[in-house]
Amino acid sequence: MSITAAMPTAKKRPRRTRTKRVSHLPAIKLSRLLPSHIDLHDPLKPSLVCADCETWVPITGMQSKTQKLVPHHTGRADVAAAIRCRSSNRLVEWDLTIPEWHKALTDAIKEAASRTATTVLPKAFSPATDQTLRARAQRTPAGRLADWNTVLPGVAATDAHRQVVPAGDAPTQSPTVPLDKLKIGH
Ligand SMILES: [Zn+2]
């Protein structure tokens, strides 16, 4: 079957959704996927290769209790036909921590590199990013607290900065406005 202009084409995939729908298919276990089919480089914008349609699909719900694949069509946006993938809204089970994934990926790349000498290894995370990843990977109250502890000093500094009134703003030459004598209607 060929695709004509009259047929709807696949929609762009949303990065995150709020839909409550959950697929009836069993949850996708990260540990069952190839590390190269998971992308957790940005823990807030993870994605994985959907086993059904074999394309990259964002995972939504990183800030909530459950994580799912976003609803998606099977093919490339604007090109393929609008066919809904059966793994839309499918739950994702985090049975793999982000450091574990990163190690598995690095190992897989190293192994490939030993066969083909030209492969470039991914850059190591900075210590700050690594700390954030570890905290997030734990997905426990302690982990979330560690997340907040990482960002709070920055937030506090910004707030404090915002409250500082520059000394030069007070008019030094003009007379003081007699606020206590101001009356409306006179
Ligand atoms: Zn899919």
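These legends accompany close-up views of a predicted model.

**Figure 1. The zinc ion and its protein donors.** Start here with the metal site: four residues, Cys50, Cys53, His72 and Cys85, donate to the zinc ion. The three cysteines bind through SG and the histidine through NE2, at distances of 2.1 to 2.3 Å. Angles between the four donor atoms run from 97 to 118°, so the arrangement is tetrahedral. For comparison, the ideal angle for four tetrahedral donors is 109.5 degrees. Reading along the chain, you will find the donor residues spaced as C-x2-C-x18-H-x12-C. Both Cys50 and Cys53 are buried.

**Figure 2. A salt bridge between Asp78 and Lys12.** The structure contains four salt bridges, and this view shows the one that pairs Asp78 with Lys12. Their closest N and O atoms are 3.5 Å apart. Asp78 sits in the loop between β5 (68-69) and β6 (92-93), while Lys12 belongs to the segment before β1 (28-29), so the pair ties together parts that are 66 residues apart in sequence. Asp78 and Lys12 are both exposed.

**Figure 3. Arg90 and Asp52, a link between two loops.** Here Arg90 forms a salt bridge with Asp52, with 3.8 Å between the closest N and O atoms. This pair also joins distant parts of the chain: Arg90 is in the loop between β5 and β6, and Asp52 is in the loop between β3 (47-49) and β4 (56-60), 38 residues apart. Arg90 counts as buried because its relative accessibility is 14%. Asp52, with a relative accessible area of 33%, is partly exposed.

**Figure 4. A salt bridge within helix α1.** Take a look along α1 (residues 98-115) for Lys103 and Asp107, which form a salt bridge whose closest N and O atoms are 2.8 Å apart. Both residues lie in this helix, four residues apart, or about one turn. Lys103 is exposed, with a relative accessible area of 53%, whereas Asp107 is partly exposed at 36%. Elsewhere, salt bridges that share partners join Asp52, Arg86 and Arg90 into one network.

**Figure 5. Thr60 and its surroundings.** Thr60 is a residue of strand β4, and at 4% relative accessibility it counts as buried. The side chain of Thr60 reaches the backbone nitrogen of Thr17 at 2.9 Å. Thr17 is also one of the residues in contact with Thr60 once neighbours within four places in sequence are left aside. The others in that set are Arg15, Arg16, Thr66, Gln67, Lys68 and Val70.

**Figure 6. The largest nonpolar core.** Nonpolar side chains tend to be buried together in soluble globular proteins. In this model, the largest nonpolar core has 21 residues. Leu30, Ile38, Leu48, Leu69, Val92 and Trp101 have the most contacts inside this core. At least two core residues come from each of β4 and α1, and the largest share, four residues, is supplied by α1.

**Figure 7. A closer look at Leu30.** Leu30 is among the core residues with the most contacts inside the core. With neighbours within four places in sequence set aside, Leu30 is in contact with Ile38, Leu48 and Val92, among others. The contacts of Leu30 also include Glu93, Trp94, Asp95 and Leu96.

Definitions and conventions. Residues numbered from 1 in each chain as written. Predicted model: local features only at pLDDT ≥ 70, side-chain atom pairs only at ≥ 80, totals over all residues. Heavy atoms only, no water. Donors = N, O, S within 2.8 Å, 3.2 Å for Na, K, Ca; no water. Tetrahedral: all angles 85-135°; square planar, octahedral: opposite > 155°, others 65-115°. Buried < 20%, exposed > 50% of the residue type's maximum accessible area, 1.4 Å probe, protein only. Salt bridge = Lys/Arg side-chain N within 4 Å of Asp/Glu carboxyl O. Polar contact = N/O pair within 3.5 Å; in protein donor to acceptor, adjacent residues only side chain to side chain. Contact = heavy atoms within 4.5 Å. Core = buried A, V, L, I, M, F, W, Y, C linked by side-chain atoms within 4.5 Å.
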